[in-house]
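Okay, everyone, thanks for coming. Let me put the structure up and walk you through a few spots in it.

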Amino acid sequence: MKIKSWLCAAILALILLPAALCAAEITEEDMALGGIRLGATRAEVEELYGNGNHYADGVEVWNGEDVGIHAIDYGASLHVTYRSSDRGWHVISVHLGVDDVNAYLSKPSEESQSLETPRGIHLDSTAEDLEEAYGYLPKPKCSNNAPPVCGYFYDGDTAQIAFYICAEHSPGIRSIWLHEK
């Protein structure tokens with residue numbers, strides 16, 4: 001009887017092993033958008049995109065302390081949020097694309113479509129492109145508004161990258177958000 005159980009377990013392992021190997025691991029190297037990585041300094045981002053247009057300031061509690069938050073629009077629907085620390089302003093969030101369902105009717109500019117993740121995903125990439133690039137497609141989380149916007153979330157150790165699609169308006173990604181966990 002033990003041989004039969006062991007044989008069943010071995011067969012099950014052989015069946016599941018290829019499926020486990022197909023799923024791409026999301027690494028810290030995958031957590032970038034348009035050449036911007038979390039933790040990059042404001043000077044590093046400005047080297048890529050110029051000074052940008054300041055659009056918001058604020059304060060948040062981080063590690064029990066009040067710290068400054070600074071958000072800058074770099075055009076082409078690229079928004080970067082920075083947090084102040086002892087090493088200056090550094091990136092905590094990068095957002096590309098639209099963040100309002102009504103704006104999903106518009107087509108992303110060529111400039112904003114040229115910004116991509118290290119795996120080549122950009123605005124207008126499809127869910128099939130996500131699956132091919134990352135090895136799997138997570139179950140989408142969809143909004144309750146009409147039309148629904150569905151997000152596909154990939155987690156790294158310290159960051160998350162999310163891709164948003166409003167299938168009623170377009171099969172392609174309309175927004176990408178990279179942020180700290």
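So, Cys 142: this one is partly exposed, with a relative accessible area of 40%. Keep in mind that we're looking at a predicted model. Cys 142 is joined by a disulfide to Cys 150, S to S 2.0 Å. Its partner, Cys 150, counts as buried, at 14% relative accessibility, because the cut-off for buried is under 20%. Which hand does the disulfide have? The torsion about the S-S bond of Cys 142 and Cys 150 is about 105 degrees, so it's right-handed.

And what about Cys 166? Cys 166 is in no disulfide, and the nearest cysteine sulfur, that of Cys 150, sits 8.1 Å away. Cys 166 is also buried, at 0% relative accessibility. If you search the whole structure, you find one disulfide.

Okay, on to the sheet. There are eight strands in an open sheet, and the order goes β3-β4-β5-β6-β10-β9-β8-β7, with antiparallel pairing. β3, residues 53-62, and β7, residues 141-142, are at the edges with a single partner strand each, so one side of each has no neighbour in the sheet. Between β3 and β4, which is residues 65-73, you get nine bridges. One pair to look at there: Glu 60 has Val 67 in β4 as its bridge partner.

Now the helices. α2, residues 42-49, packs on the sheet and touches β4, β5 and β6, with its direction at about 160 degrees to that of β5. Then there's α4, residues 127-134, lying across β8, β9 and β10 and running at about 10 degrees to β8.

What's inside? The largest nonpolar core has 31 residues, and the ones touching the most other members are Val 80 and Phe 163. β5, β6, α4, β8, β9 and β10 each give two or more residues to this core. Phe 163 has contacts that include Leu 130, Tyr 134, Cys 150 and Ile 176. Apart from that core there's another one, of five residues, and Cys 166 is among them, along with Val 149, Ala 162 and Tyr 164.

Last spot: Arg 83, in strand β5. Is Arg 83 buried or exposed? It's buried, with a relative accessible area of 2%. What does its side chain make a polar contact with? That would be the side chain of Glu 180, at 2.5 Å. Arg 83 is also in contact with residues including Glu 60, Trp 62, Val 67 and Trp 89. Okay, that's my tour.

Technical notes
Residues numbered from 1 in each chain as written. Predicted model: local features only at pLDDT ≥ 70, side-chain atom pairs only at ≥ 80, totals over all residues. Heavy atoms only, no water. Pairing = 2+ DSSP bridges. Helix = DSSP H or I, 4+ residues; strand = E, 2+ residues; numbered from the N terminus. Contact = heavy atoms within 4.5 Å. Axes fitted to C-alpha atoms, helices over the stretch in contact; angles between N-to-C directions. Core = buried A, V, L, I, M, F, W, Y, C linked by side-chain atoms within 4.5 Å. Buried < 20%, exposed > 50% of the residue type's maximum accessible area, 1.4 Å probe, protein only. Polar contact = N/O pair within 3.5 Å; in protein donor to acceptor, adjacent residues only side chain to side chain. Disulfide = S-S within 2.5 Å. Lists of a residue's contacts leave out its neighbours within four places in sequence.
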